[in-house]
Amino acid sequence: MCTSITYHTQDHYFGRNLDYERSYGEKITITPRDFVFSLRHEGELSHHYAIIGMATVISNFPLYYDATNECGLSIAGLNFSGYAQYSSTTASSADRTNAKVTSFELIPWLLGTCKDVRAARVALEGLTITDESFVESLPASPLHWMIADRDECIVYEYTKDGGKIYENPVGVMTNNPSFDYHMTHLQDFLHVSHGPLMNNLLSGTSVEPYSRGMGAMGLPGDLSSASRFVRAAYTKLNSLSDADEASSVQQFFSILDSVAQAKGCCYLGDDVDGHPQYEYTLYSSCCNVDKGIYYYKTHENSHITAVNLFHEDLDSTTLKIFPLEREWKPTFSN
């Protein structure tokens, strides 16, 4: 239901597709350095790195889906249903060796206190994630997280066996199964090439490819998380663009487009009122983590919109919220 990637040209970029059947009123949200996070177990986080990202804000608390801090550390939470298993709040505090946070606090806690993946890796060691709901109507979401900076990328998963950190050499993540499965599955596609087809099946015959433009033959095209992982990895690792901002950002969105879900193609069943539910790409994001610019487009509006972290007062105590530009605004040439 989601895909996250990194991309590097002259600057470094991080972003994702969010695929779901409904919106929760998400908006671009900037959390300044002196906004106070009241954490369930770690007290008040009152001075921290500034953060920009996509969040649903409830009771003045930003529930971030993906975000980047002013140092360039980025995190995206992706669905990990059936695998994520957080710790009970009744577990003994003696069982933990480090911090204790809820799943919805993990992104602001890490981005607020860590400037890079190296620091995040240290913070995650021995971490306890609890199964608490934000409110009764919003139970803890089963997630795993891709965490990256300009130099490194990791995946963090929390299961019945506790937390585990995976090195992520491809800079791609989707949903369940676990990250080690995706890396093993990727090996089934080592033969896929961006080059023209070669006749390896009927060597010595005159049989030739029937068309040009047949690169990536054999790449999976379905919407499963395993296939999206392979397709996003192939597209990203074979992607070429100029190093300027326009070329880099447009290429980033092209990579995400290769795994986007069109509404109607992934039926989830009917809701309680009998209305059919379809998973589709609600938004795509791309953050230039070096410049603090968060780009996005939505299902309703494919025009790219940008918000710059450093154009705001980052020493404020108040969230800065930008509603998404969802209205379709075509440009006419006549």
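Biologist: Is aspartate 257 buried, partly exposed or exposed?

Modeller: In this predicted model, the relative accessible area of aspartate 257 is 39%. Buried means under 20% and exposed over 50%. With a value of 39%, aspartate 257 is therefore partly exposed.

Biologist: Which side chain meets that of aspartate 257 in a salt bridge?

Modeller: Aspartate 257 belongs to helix α5 (residues 245-257), and its partner lies in strand β18, 40 residues apart. The N to O distance of the salt bridge is 3.0 Å. The partner is buried, with a relative accessible area of 14%. The side chain in question is that of lysine 297.

Biologist: In what order do the 6 strands of the open sheet run?

Modeller: The pairing in this sheet is antiparallel. Its edge strands, each pairing on one side only, are β14 (172-173) and β19 (305-308). Strand β18 pairs with β17 over 6 bridges and with β19 over 4 bridges. The order is β14-β1-β2-β17-β18-β19.

Biologist: Which residue in β18 is the bridge partner of cysteine 286?

Modeller: Strand β17 covers residues 280-288 and strand β18 covers residues 293-298. The two strands pair in the antiparallel sense. Within that pairing, the bridge partner of cysteine 286 is tyrosine 295.

Biologist: Which residue in β19 is the bridge partner of isoleucine 293?

Modeller: A hairpin joins β18 to β19 through 6 residues. The two strands pair in the antiparallel sense. Opposite isoleucine 293, the bridge partner in β19 is asparagine 308.

Biologist: Which side chain meets lysine 291 in a salt bridge?

Modeller: Lysine 291 is in the loop between β17 and β18, and its partner is in the loop between β1 (2-8) and β2, 280 residues apart. Lysine 291 is partly exposed at 38% relative accessible area, whereas the partner is buried at 10%. The N to O distance is 2.3 Å, and the partner is aspartate 11.

Biologist: Is histidine 12 buried or exposed?

Modeller: Histidine 12 sits in strand β2 (residues 12-20). Among the residues it touches are Tyr7, Arg150, Cys287 and Val289. Its relative accessibility is 6%, so histidine 12 counts as buried.

Biologist: Which backbone oxygen does the side chain of histidine 12 reach?

Modeller: The side chain of histidine 12 makes a polar contact of 3.3 Å with the side chain of histidine 8. It also reaches a backbone oxygen at 3.1 Å. That oxygen belongs to aspartate 149.

Biologist: Why is helix α1 described as largely enclosed by the rest of the structure?

Modeller: Helix α1 spans residues 106-113. Its buried residues include Leu106, Trp109 and Leu111. The helix is largely enclosed because the buried count is 7 of the 8 residues.

Biologist: Which residue takes a positive phi in the hairpin of β15 and β16?

Modeller: Strands β15 (residues 267-270) and β16 (residues 276-278) pair in the antiparallel sense over 3 bridges. Aspartate 270 stands opposite proline 276 in β16. The hairpin has 5 residues between the strands, and the residue with a phi near 85° is glycine 274.

Biologist: What is the area of the nonpolar surface patch made by Leu197, Tyr210 and Met217?

Modeller: Leucine 197 lies in the loop between α3 (179-186) and α4 (225-237). Leucine 197 is partly exposed, with a relative accessible area of 32%. Together with Tyr210 and Met217, Leu197 makes a patch of about 350 Å².

Key
Residues are numbered from 1 along each chain as its sequence is written. This is a predicted model: local features need pLDDT of at least 70, side-chain atom pairs count only at pLDDT 80 or more; totals for chains, interfaces and linings use all residues. Side-chain values use heavy atoms; hydrogens and water are left out. Two strands pair if DSSP finds at least two bridges between them. Buried means under 20% relative accessible area, exposed over 50%, partly exposed in between (1.4 Å probe, protein chains only). A polar contact is a pair of N or O atoms within 3.5 Å; within protein, one must be able to donate a hydrogen and the other to accept it, and residues adjacent in sequence count only if both atoms are side-chain atoms. Contact means heavy atoms within 4.5 Å. Patches are made of residues with over 30% relative accessible area and no salt bridge: like charges are joined within 9 Å, nonpolar side chains (Val, Leu, Ile, Met, Phe, Trp, Tyr) within 5 Å. Accessible areas come from the Shrake-Rupley method with a 1.4 Å probe; for residues, only the protein chains shown count as cover. A salt bridge is a side-chain nitrogen of Lys or Arg within 4 Å of a carboxyl oxygen of Asp or Glu. Lists of a residue's contacts leave out its neighbours within four places in sequence.
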